[in-house]
Amino acid sequence: MKPIVKVEHLSKQYQIGAREAAYGTLRESIVDLARAPFQRLRGRTSDATNQTIWALKDVGFEIEPGEVVGIIGRNGAGKSTILKILSRITEPTTGKVELYGRVGSLLEVGTGFHPELTGRENIFLNGSILGMGRHDITSKFDEIVAFAEIEKFIDTPVKRYSSGMYVRLAFAVAAHLEPEIMLIDEVLAVGDARFQRKCLTKMQDVGKQGHTVLFVSHNMSAITRLCPRTILFDQGRVLSDGPSHVVAREYLREGLGTTAAREWTDSSKAPSSEVVRLRAVRVRDEKGEVTGVMDISKPIAIEMEFVVLQGGYELTPNYHFLNEQGEYVFVTADNDPAWFNRPRPAGCFISTAWIPGNLLAEGTMMVGAAVTTREPEIIHVFERDAVAFQVVDSMDGNSVRGDYSGHIPGVIRPLLQWETRYTSEQCEIVAGGTPR
Amino acid sequence: MLKPAAPADQTAIQIEATPPKHTAHNLPDTPVVVIQPGSAWSALNLRELWAYRELLFFLTWRDVKVRYKQTALGVAWAIMQPLFTMLIFSLLFGRLAGMNTKTGGIPYPVFAYAGLLPWTFFANAVTTSGNSLVGSANLITKVYFPRMIIPGASVAAGLVDFSIAFVLLIGLMFYYKVALTWNLLLFPVLVLLTSLLALGVGMWLSALNVKYRDIRFALPFLVQLWMFASPVFYPSNLLPEKWRVVFQFNPLVGIIDGYRSSLFGQPIDWTALALSALLTTLMLVYAAYSFRRMEKTFADIV
């Protein structure tokens, strides 16, 4: 079939620190202008021109009409850049893109919302910014309001909305766009879980109606659930492109998700106090390999390497786990009897905590690493978000998910033992009694 | 190969049988959009601007709506600014400096207000549109639309204030019993000319402002200088004859004098007006050209 999106040899070069450098003042430009010839004489150009990076390098792919394609990669892999080029916000350095349909892009929820305007006014403003015509908005107005569940507050300025209402309204407008090609960036990481689910359903509907969707995310679980096909980006190139479950495995293997290991080689920069200095925090899988992407059914090891600079303290290493919504999932502290309530001598230690498989929910988990003394309470070091890893369900049937592809709520997802008995044919409820 | 050749009379039935959801798959033969570095974007795409006219309307409407929110006096501010300036000018220049004898028989307050009305519009439009792109960074980095709409909406929003302040001018003209003439027909043309000049200057400055934030500081100063260089509180004929030609290279001279001629029925200086129109067109073309050139990097550096 003929593609609706055709990307050929696309590259985009950025100047490092372009934001700061380009701000420039007239004076700097004039000074640069005056300085340039001399620099050329000395055989070197200004530093700014040398410090460039290729955010995208020779990227090519085609997307057929009606496809729902996920784009994944770690931070800086180029996934946001490709979306910005496709939505014409920024221009490529070389290459070509052909789009055979109207494009709607959703790079942020609530673009152009004005806090002083009412919900009603913002629907019109935001709708027209996203490319909807006035008649379009008028005809879908009631539907948008109902979807956002804000009927009562439609004539209230949005600055008085709760953040949940704000996000719901913003997404409701976006969800009613009907371009032929829809570009979506990570916007689903907002709102409460129930509303997220609603949005995902709405997005799936969009896909089914024959619209083409490109969905950029760092959330592998959302991508495998929504998109049959995934393109994996790494360092500005397409690393892999194919059915999502195949690409997901590659993603797992490459450990492209997050910062799985932090090592402080420069002791002056390491988190430290007079008593303790952190040397490293790592996430390992059951084989001992450092990786940032974990299979939901496999155990995970969190390892902390630290130096005790002053002996004689009772020390308890502990880890703090937060999910991507910022919720505190749990805290765990070292309970190894070998060192429990015993003063430690100076020297190097490695403490590892094992998280069993099938305990955490899918998603990103941020790990804070701390070393504390219990009595009297002293926090010697506490490095928040020291490492992070992603929990991904490869859908091989060893998890709670099984072959269910929908959204599963919950902060944790333990695989519990269930027992179901068939008790009798007649099921009359006996008041106050337990069934036998 | 997918579609076997069908007799012509059957094609109609085939089209009907196609469920509506497949219409999205009937792709056009040529791309709707081609994204390439350089060329394709550099031409001024008037058709695209036209396609986005509703966005211009909504952004203008937003600017107008938001401007006087949570103010006690609201829209009255649109009148207060030129009104109080007029009162101060009347006292300072009219009475103390004795300028009220040099206005060609027009009472100084109405003379000054007729100059302040277009001037206030122009100054506010240039200031707000000059800062508009930087203030809309969140839009520029998240959605595509022709960027010219942003400074354009600022100028258009200024027109609303202009019409409100215009009401006071009518009142003043009645109060001072200024006779109306056919010269009034020129008025709408002058409003258009003022808007286009403000758009040209504002658009150019807004694009420069993205790259050089100096503009933000230079703007109020520039606007102030421009007022002294324009016949806002003094009549043009106050200047010696030999300097008047140089003076007229400020396009606002022909325009503001034009407003007074049109309102007070004085003879119209067509050469000065034609020069203003020419300069305005040149400014607008240059601004549009340099805006398009700088537009490509807005999202990366704003």
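Here are some notes on how chains A and B meet and how the sheets and one helix pair of chain A are put together.

1. Before anything else, keep in mind that this is a predicted model. Everything below is computed from that model.

2. Let's start with the interface. On the chain A side, 49 residues are in contact with 35 residues of chain B. Several elements of chain A each put at least two residues into the side that touches chain B: helix H1 (18-23), helix H4 (79-86), strand S4 (94-99), strand S5 (103-106) and helix H5 (119-129). If you care about chemistry, that side of chain A splits into 19 nonpolar, 17 polar and 13 charged residues.

3. The two chains also pair strand to strand. S4(A) runs antiparallel to strand S1 (residues 33-35) of chain B, and three bridges join them. To find the spot on screen, look for A:Val97, whose bridge partner in S1(B) is B:Ile35.

4. Which strand of chain A pairs with S4(A)? That is S1(A), in the antiparallel sense and over five bridges. A:Ser11 has A:Thr94 of S4(A) as its bridge partner. So S4(A) has a bridged partner in chain B and another one in chain A.5. S1(A), residues 5-15, also pairs with strand S2 (residues 52-63) of chain A, in the antiparallel sense and over eight bridges. Here A:Lys6 stands opposite A:Glu62 in S2(A).

6. Further along chain A there is an open sheet of five strands, in the order S12-S20-S19-S15-S16 and with mixed pairing. Which strands stand at the edges? They are strand S12 (293-295) and strand S16 (328-333), each with a single partner strand, so one side of each has no neighbour in the sheet. On average, neighbouring strands here are turned by 30° against each other, ignoring direction.

7. For a parallel pair in that sheet, look at S12(A) and strand S20 (residues 378-392) of chain A, which pair over three bridges. The bridge partner of A:Val293 in S20(A) is A:Gln390. As general background, sheet strands pair through backbone hydrogen bonds, either parallel or antiparallel.

8. Chain A has another open sheet, this one of four strands, in the order S10-S11-S13-S18 and with antiparallel pairing. Its edges are strand S10 (261-263) and strand S18 (347-355); each has a single partner strand, so one side of each is left without a neighbour in the sheet. The twist from one strand to the next averages 20°.

9. Inside the four-stranded sheet, strand S11 (residues 276-284) and strand S13 (residues 300-308) of chain A run antiparallel and are joined by eight bridges. A:Val281 is a handy marker, standing opposite A:Met304 in S13(A).

10. Last, a helix pair. How do H5(A) and helix H6 (residues 134-148) of chain A cross? Their axes come within 10 Å and cross at roughly 130°, and the two helices are therefore oblique to each other. The crossing is right-handed.

11. As for who meets whom, H5(A) brings A:Ile123, A:Phe124, A:Gly127 and A:Ser128, while H6(A) brings A:Arg134, A:Ile137, A:Phe141 and A:Ile144. By type, the residues of this contact divide into five nonpolar, two polar and one charged. Remember that H5(A) is also among the elements supplying at least two residues to the side of chain A that touches chain B.

Notes. Residues numbered from 1 in each chain as written. Chains lettered and ligands numbered in written order. Predicted model: local features only at pLDDT ≥ 70, side-chain atom pairs only at ≥ 80, totals over all residues. Contact = placed C-beta atoms within 7 Å. Nonpolar A, V, L, I, M, F, W, Y, C, P; charged D, E, K, R; others polar. Pairing = 2+ DSSP bridges. Axes fitted to C-alpha atoms, helices over the stretch in contact; angles between N-to-C directions. Parallel < 35°, antiparallel > 145°, perpendicular 65-115°, else oblique. Left-handed = near helix turned anticlockwise from the far one by under 90°.
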